[in-house]
Amino acid sequence: MCSMLVKLNVEKVVFVDVTSPISFPSLKKLSLKYVIYPGNEFVQRLLSDCPVLESLVVKPIQGDNVTSFTIKVPSLKSLVLRKYEASDIAAGFVIDAPSLESFEIYDINEGSFCVIDESQMPNVVEANIEVMAYDPANILSAITSVKRLTIRGITASIPVGTVFSSLVYLEILTYNEAEWLTLLMRVLKDSPNLRALKLVQLHYEDDDEDDDRPCWSEPSSVPECVKWSLNS
């Protein structure tokens, strides 16, 4: 038992599955970067042994033996998931963190996934979403309380009825895909209190400047935030 430990950074190590329990009753900040685990169950057991954990950073590595990285931490307030390396097996994240306030995910791997268990994270106020290999609709529908939202390089279908009533700042960084215009109009329509909007056009290294760019289609109605609250 590491009863006094409050912060722990683990990087480039191999965990060995042991029968003796490991407990971190005071641990509040945990960083797991490029770690090899014995399997899915070990990850769940490790996090369950951190009953007051508030901040978690996870950066997986190919061949880490985890196909479903389950984060079930009721006390968690900040979560950063950064998956850089491609994997030849389907692997992703399952999140059950009802107290989460800040959420960041970067995952561009084919075959990956992110599931929000229990469907909602009602306390999230800031989120940064970049998942290019799958539709993050379930993530967006789970963070409707968000106030500051950054969406990078993705398109998404947002379930009907999803309203971002607290959103005041929206940043969209996109490549040339035309679908982002649909996403933008959908978010504007369902964000009545939006005050700031930032749009950034990204480019692939081999982009041809003569390629067709997405064309703007005049909407049939003007979103409420554009008429009443949007400042920039």
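The following conversation considers how terms are applied to this predicted model.

Visitor: What makes up the secondary structure of the chain?

Guide: The chain comes to 4 helices and 12 strands. Buried residues account for 43% of its 232 residues.

Visitor: Why is T70 called buried?

Guide: The relative accessible area of T70 is 17%. Buried means under 20%, and therefore T70 counts as buried. This residue lies in strand β4, residues 68–72. Leaving out residues up to four places away in sequence, T70 touches V43, Q44, L47 and V94.

Visitor: Why does F15 count as partly exposed, and why does F42 count as buried?

Guide: F15 has a relative accessibility of 23%. Partly exposed covers the range between under 20% and over 50%, so F15 belongs to that class. F42 has a relative accessibility of 7%. The cut-off for buried is under 20%, and F42 is therefore buried.

Visitor: Why is the ring pair of F15 and F42 called tilted?

Guide: A search of the whole structure finds 5 aromatic pairs. In the pair of F15 and F42, the ring centres are 5.2 Å apart and the planes stand at 40°. Rings pair if their centres lie within 6.5 Å, so the distance qualifies F15 and F42 as a pair. Planes under 30 degrees apart count as stacked and over 60 as edge-to-face; an angle of 40° fits neither description, and the pair is therefore tilted.

Visitor: How do you know that this pair links distant parts of the chain?

Guide: F15 is in the loop between β1 and β2, F42 is in helix α1, and the two are 27 residues apart. Ring pairs also link F15 and F42 with Y37, F69 and F93 into a cluster.

Visitor: What makes Y84 and Y106 a tilted pair?

Guide: Their ring centres are 5.4 Å apart and their planes meet at 40°. The limit for the centres is 6.5 Å, and tilted covers angles that are neither under 30 degrees nor over 60, so Y84 and Y106 form a tilted pair. Y84 is in the loop between β5 and β6 (92–96), whereas Y106 is in strand β7, 22 residues apart.

Visitor: How do you know whether Y84 and Y106 are buried or partly exposed?

Guide: Y84 has 38% relative accessibility, so Y84 counts as partly exposed. Y106 has a relative accessible area of 18%, which is under the 20% limit, so Y106 is buried.

Visitor: What makes β1 and β12 edge strands?

Guide: β1 (7–11) and β12 (196–201) each pair on one side only. They belong to an open sheet of 9 strands with parallel pairing, in the order β1-β2-β3-β5-β7-β9-β10-β11-β12. The twist in this sheet averages 5° from one strand to the next.

Visitor: How do you know that β1 pairs with β2, and that β2 pairs with β3?

Guide: Two strands pair if at least two bridges are found between them. β1 and β2 (residues 29–33) are parallel and share 5 bridges, with V10 opposite L32. Another 5 bridges join β2 to β3 (residues 55–59), also in parallel, and here L32 stands opposite V58. From β2 the chain passes through helix α1 (residues 40–48) to β3, in a right-handed β-α-β crossover.

Visitor: What makes β5 and β7 a pair?

Guide: β5 (residues 78–83) and β7 (residues 102–107) pair in the parallel sense over 6 bridges, where at least two are required. L79 stands opposite F103 in β7.

Visitor: What makes β4 and β8 edge strands?

Guide: β4 and β8 (113–116) each pair on one side only. Their open sheet has 3 strands in the order β4-β6-β8, with parallel pairing, and its twist averages 15° from one strand to the next. β4 is joined to β6 by 5 bridges, and S68 stands opposite G92 in β6.

Visitor: Which residues have the most contacts inside the largest nonpolar core?

Guide: They are L56, F69, F103, I105, L149 and L170, in a core of 56 residues. Helix α3 (residues 179–189) contributes the largest share, 6 residues. Apart from neighbours within four places in sequence, the contacts of L170 include L149, I151, L184 and V187.

Methods: Residues numbered from 1 in each chain as written. Predicted model: local features only at pLDDT ≥ 70, side-chain atom pairs only at ≥ 80, totals over all residues. Heavy atoms only, no water. Core = buried A, V, L, I, M, F, W, Y, C linked by side-chain atoms within 4.5 Å. Buried < 20%, exposed > 50% of the residue type's maximum accessible area, 1.4 Å probe, protein only. Contact = heavy atoms within 4.5 Å. Axes fitted to C-alpha atoms, helices over the stretch in contact; angles between N-to-C directions. Right-handed = clockwise from strand over helix to strand, strands pointing away. Phe/Tyr/Trp six-rings, centres within 6.5 Å; stacked < 30°, edge-to-face > 60°.
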